[in-house]
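This report introduces one protein structure to a reader in the first year of study. The sequence and the structure are shown first, and the description follows.

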Amino acid sequence: MAKPIHSMIRVRDEARSRAFYKEVFGMELKDRFDFETFTLVYLAAPESPFELELTVNKGRDTPYDLGDGYGHLAFAVDDLAAVHAAAKAAGHAPRDIVAFRPDGETLLATFFFIADPDGYQIEVIQSAGRYR
């Protein structure tokens, strides 16, 4: 049986990215491997074995082109309003909280989006229903 273990994104500034994921999602450093031309950084939240791999290509001066194929990462949180307020207080500019009701009545999810320092979109969802 296959088990998802990590997702990788390319970032330009390791310290800035690590600070963002720590401040907003409580993700801690699990491993860091430094090579001649790149560094791999593995982060995880205490509640989950799933890791986010940050790949830092040394000497990269220009932003990455995220293209039109990237969607978003998603995190489920126990207190959406608190995470939103903390991200805003830390200067990370989360978008407004949205109650998603595709049929106009039934609540599917309550969430907001936020961009990390490299522009990757992240959906932050209130832990409930299918989003746990």
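The report treats a sheet, a glutamate within it, and the salt bridges in turn.

**The sheet and its helix**

The model described here is predicted. It contains an open sheet of four strands, arranged in the order β5-β8-β7-β6, and the pairing within this sheet is mixed. At the edges lie β5 (73-77) and β6 (98-100), each of which pairs on one side only. On average, neighbouring strands of the sheet are turned by 35 degrees against each other, if direction is ignored.

In general, the strands of a sheet pair through backbone hydrogen bonds, either parallel or antiparallel. The sheet under discussion shows both senses. Strand β7 (residues 109-115) and strand β8 (residues 121-126) run antiparallel and are joined by five bridges. Strands β5 and β8, by contrast, pair in the parallel sense, over five bridges.

Individual residues make this arrangement easier to follow. On the β7 side, Phe 112 stands opposite Val 124 of β8, and Ile 114 has Ile 122 of β8 as its bridge partner. On the β5 side, Phe 75 stands opposite Val 124. Val 124 of β8 thus faces Phe 112 and also Phe 75. The hairpin of β7 and β8 has five residues between the strands, and within this hairpin Gly 119 takes a positive phi near 95 degrees.

Helix α2 (residues 80-89) packs on the sheet and touches β5, β7 and β8. The direction of helix α2 makes about 15 degrees with that of β7.

**A buried glutamate in β8**

Which residues surround Glu 123, not counting those up to four places away in sequence? Glu 123 lies in strand β8 and touches His 72, Leu 73, Ala 74, Phe 75, Phe 111, Phe 112 and Phe 113. Glu 123 is buried yet forms no salt bridge. The nearest side chain of opposite charge is that of Arg 130, at 8.8 Å, whereas a salt bridge requires the nitrogen and oxygen atoms to lie within 4 Å. The side chain of Glu 123 does, however, make a polar contact of 2.8 Å with the side chain of His 72.

**Salt bridges**

Side chains of opposite charge can pair when their charged atoms come close. The structure holds four salt bridges. The table lists some of them, with the distance from N to O.

| Positive residue | Negative residue | Distance, N to O |
|---|---|---|
| Arg 32 | Glu 14 | 2.8 Å |
| Lys 22 | Glu 28 | 2.3 Å |
| Lys 58 | Asp 34 | 2.7 Å |

Arg 32 belongs to strand β2 (residues 28-34) and Glu 14 to helix α1 (residues 14-25), so their salt bridge ties together parts that are 18 residues apart in sequence. Arg 32 is partly exposed, with a relative accessible area of 39%, while Glu 14 is buried, at 15%.

In the pair of Lys 22 and Glu 28, Lys 22 is partly exposed, with a relative accessible area of 40%, and Glu 28 also counts as partly exposed, at 34%.

Asp 34 lies in strand β2 and Lys 58 in the loop between β4 (51-57) and β5, so this pair links parts that are 24 residues apart in sequence. Lys 58 is partly exposed, with a relative accessible area of 40%.

Finally, salt bridges that share partners join Glu 14, Arg 18 and Arg 32 into one network.

Conventions: Residues are numbered from 1 along each chain as its sequence is written. This is a predicted model: local features need pLDDT of at least 70, side-chain atom pairs count only at pLDDT 80 or more; totals for chains, interfaces and linings use all residues. Side-chain values use heavy atoms; hydrogens and water are left out. Two strands pair if DSSP finds at least two bridges between them. Helices (H or I, at least four residues) and strands (E, at least two) are DSSP runs, numbered from the N terminus. Axes are lines fitted to C-alpha atoms, for helices over the stretch in contact, and angles run from 0 to 180 degrees between N-to-C directions. Contact means heavy atoms within 4.5 Å. Buried means under 20% relative accessible area, exposed over 50%, partly exposed in between (1.4 Å probe, protein chains only). Lys and Arg count as positive and Asp and Glu as negative; His and the chain ends are not counted. A polar contact is a pair of N or O atoms within 3.5 Å; within protein, one must be able to donate a hydrogen and the other to accept it, and residues adjacent in sequence count only if both atoms are side-chain atoms.
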